[in-house]
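Student: Hi, could we go through this one together? I'd like to get a feel for both chains.
Tutor: Happy to, let's have a look.

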Amino acid sequence: MTAPDAAAGSSTEHAGARSSSTSTSTAAGDGPGDGDGARVGDDPRPATYVDLARAVLYREYLIFVRYPANAIGGIVVSLVFFGLLFFGGRLLAGRALADSLEGIVVGYFLWTLAVGAYSSVSNDIGSEVQWGTLERHVTTPFGFAPVALLKGVAKVVRTFLTSAIILAVMILLTGTTLAIAPVTVVVIAGLAVVSVLGLGFAAGGVTVLYKRVGNWLNLLQFGFVVLVSAPVLDRPWLRVLPLAHGSAMLQRAMVDGVRLWEFPLADLALLVGIAVGYLAVGSLVFHYATRRARRLGVLGDY
Amino acid sequence: MAPTTPDGPAPAPDGTPALSVEELSKRFGSGGDAVRAVDDVSFSVERGSVVGLLGPNGAGKTTLIKSVLGTVIPDEGTVRVLGRDAADGRRATYANVDAMLEGARNDYWRLTVRENLRYFATVGGVAPDSVADRHDRLLDRLDLAEKADTPVRELSRGMKQKMSLASVLAGGAKLVFLDEPTLGLDVEGSRTLRRELRRLAEEDDLTVVVSSHDMRVIEDVCDRVIVMSAGAVVADDSVERLLGAVDDYRVRVASEELSPATIDDLRGRFDVVDADAGADPPTVEVRTDGDAAYDLFDALRAADVTLDRVDTVEPSLEDVFVRLTGAGAGGTSGSEPGDEDGAPGTGRRRATVVGDDGGAR
């Protein structure tokens, strides 16, 4: 890992500050102070990307463990919704539902993952705007982009934890059997969700510019149902949409027990391509939206 | 060896200013509705100095600060920070800069005070463990040590504000911008913050640009004031020299025997700037340059007015401000995009001379 270009670029300033402080500590014999209390034992070291990652992920972790109500609330709502779907569906469709139950459980699992990642990223960007913290990040040596990306990673991990609980309860409730090979499931579902993360960044960017429109974009998550259940076998072009291809692969992995390395290379490449592509487009939208907000002077508005 | 040199810990080889702004302009909107929020502003700030940015609401203070910081992209002009042109790489330019914008925002309220300091030191480019001692020292100085492990949301407004200041200084920034740092604080909170600001600036050899519509902040803390009005700089001088520029000394007398008729008579003969016949006791304030004071007391004696109270009124920065901008300090005009919406103090009586912002918001 390298230090951020800014820290390296500003080496004169940093180095100046450091050498001065070091000489101070040396002069004071590294003791607790010589009475005037200035800068003793204060030896700034430039932060690396590892430090940044630790700081951002630790913050996400703290919020998660300190305020569990959000996560628990999300799990409960998702399960209630699934319960209605399952019991209601059984009343209406009877055996037809039972035949496709495994597919529904897998699809619902992926949907909760997608919704969790999308809404947490887009809402989080909205909150950062409201708190004035996004604006503050803009002038830091790292900028907001790596912070947002790291937050995205944290959100995906968090969503996996909550969705795993939902999956477990769904399996118990319905009595279905699914193949849960951890590496296969995490890689396929993870990459599928990364494409949605890109949509989250794009929505976050729109929120930075148009605060109210951002709230409406939350409705997009219901559209994910369509993407998760897209008939990619009949219409292969649908695979280029976010989630669709990943969803089909996840169905095969969890319902038919296909392992990650048993998939054709082309399928895996497409999965990665779609993930990277949507993430890149989303980041670009976010970047330009933030830039436009800076030009219009609305970055700090709330 | 002294811990710091008189030029600060990281002097530029050629002693370049901490901040240099040239012909900066920012316009919002287009056509007839366009607002020139910052209009061809140039100034520079020497290292280690504390410069105040004073102006009514909508004068462009916040937009100027944000344009300098780059969170608002200016239309024209150059910004140099510690000798480095912002156009040559924004992030490198601002590596040693931090800002406290709009009071107590800009921090994570769900994290504790210390967690905020560590987080913002890191994103500011400094590994948090390497400045742990600095953080302890900051918390001590700002009386936050006891609250170090308390989530920010549980702190009082004043504490939040101090916490904001601490987090801005956590990464060891050399140039800090404070936008309305005392906004919403009570008298005591504002006084503490002013005292600490001054002390930190002196002891840590910081360069500070502080915007405020609170004259007391500027008078107490700043070496120099830049007065803005309608996006432009209308004055830029030391506080003392600006005060000296107003040769406006007044006497305020209060007496039960000041009848409306007497006050009318005084109005005819003296430069009466303020009078209140309905007050208890009635008062009159007269501009008294040269011998006018003697004449005033002679006139009062002749009118059989026994004086209850006599005060001399010295010119304040507010008088300078009113003269320069033609506005009350509390602001008159509407706000502009990104400016100080809802800042308290609107309609504050000038004669009360800069009260603090107790109870606002």
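Student: Over residues 187-209 of chain A, how much of the chain is helix, and how far apart are the end C-alpha atoms?
Tutor: This is a predicted model, and in it residues 187-209 of chain A are 100% helix and 0% strand. The C-alpha atoms at the two ends are 33 Å apart.

Student: Which parts of chain A does UniProt annotate as "transmembrane region"?
Tutor: An unreviewed UniProt entry gives that annotation to residues 67-87, 160-181, 187-209, 216-233 and 268-289 of chain A.

Student: And what does the 160-181 span look like?
Tutor: There, 68% of the span is helix and 0% is strand. Its end C-alpha atoms lie 14 Å apart.

Student: How many helices and strands does chain A have?
Tutor: Chain A has 13 helices and zero strands. Its 302 residues include 49% that are buried.

Student: Let's talk pockets. How much space is in the largest pocket?
Tutor: The largest pocket holds about 1000 Å³. It is lined by 38 residues, and those closest to its centre are A:Asn70, A:Gly116, A:Ser119, A:Ser120 and A:Arg158.

Student: Which helices supply at least two residues each of that lining?
Tutor: In chain A, helix H3 (49-66), helix H4 (69-93), helix H6 (101-131), helix H8 (145-174) and helix H11 (220-228) each do so. H6(A) provides the largest share, with eleven residues.

Student: How does the lining of the largest pocket divide into nonpolar, polar and charged?
Tutor: The lining has 19 nonpolar residues, 13 polar and six charged.

Student: While we're on H6 of chain A, I was looking at A:Asn123. Why does A:Asn123 count as partly exposed?
Tutor: A:Asn123 counts as partly exposed because its relative accessible area is 38%, and that class runs between the 20% limit for buried and the 50% limit for exposed.

Student: How far is A:Asn123 from A:Thr207, in sequence and in space?
Tutor: A:Asn123 and A:Thr207 are 84 residues apart in sequence, and their C-alpha atoms are 8.8 Å apart in space.

Student: Okay, over to chain B. How many residues of strand E8 are buried?
Tutor: In E8(B), residues 207-212, six of six residues are buried, and the strand is mostly covered.

Student: Which residues sit on which side of E8(B)?
Tutor: One side has B:Thr207, B:Val209 and B:Ser211, and the other has B:Val208, B:Val210 and B:Ser212. Both faces are covered. In a regular strand, side chains alternate between the two faces of the sheet.

Student: In what sense does E8(B) pair with strand E3 of chain B?
Tutor: Strand E3 (residues 50-54) of chain B pairs with E8(B) in the parallel sense, over five bridges. B:Leu53 stands opposite B:Ser211 there. Strand E7 (residues 175-179) of chain B also pairs with E8(B) in the parallel sense, over five bridges, and B:Asp179 stands opposite B:Ser211.

Student: How does the chain get from E7(B) to E8(B)?
Tutor: The chain crosses through helix H6 (residues 187-203) of chain B, making a right-handed β-α-β crossover.

Student: Last one: which way do strands E1 and E2 of chain B run, and how many bridges join them?
Tutor: Strand E1 (residues 19-28) and strand E2 (residues 35-45) of chain B run antiparallel and are joined by seven bridges. B:Val21 stands opposite B:Phe43 in E2(B). Their hairpin has six residues between the strands, and B:Gly29 takes a positive phi near 80° in it.

Terms used:
Residues are numbered from 1 along each chain as its sequence is written. Chains are lettered from A and ligands numbered from 1 in the order in which they are written. This is a predicted model: local features need pLDDT of at least 70, side-chain atom pairs count only at pLDDT 80 or more; totals for chains, interfaces and linings use all residues. Side-chain values use heavy atoms; hydrogens and water are left out. Two strands pair if DSSP finds at least two bridges between them. Helices (H or I, at least four residues) and strands (E, at least two) are DSSP runs, numbered from the N terminus. On a 1 Å grid over the protein atoms alone, a cavity is a set of points where a 1.4 Å probe fits but cannot get out, and a pocket is an open set with protein on both sides within 12 Å along at least five of seven lines; lining residues have an atom within 4 Å of a point. Grid points are joined across faces, edges and corners, and a volume is the space filled by probe spheres set on the points. Ala, Val, Leu, Ile, Met, Phe, Trp, Tyr, Cys and Pro count as nonpolar, Asp, Glu, Lys and Arg as charged, and the others, Gly among them, as polar. Buried means under 20% relative accessible area, exposed over 50%, partly exposed in between (1.4 Å probe, protein chains only). A crossover is right-handed if, with the strands pointing away from the viewer, the path from the first strand over the helix to the second runs clockwise. UniProt positions are given in the numbering used here, feature names are shortened, and annotations may be inferred rather than shown by experiment.
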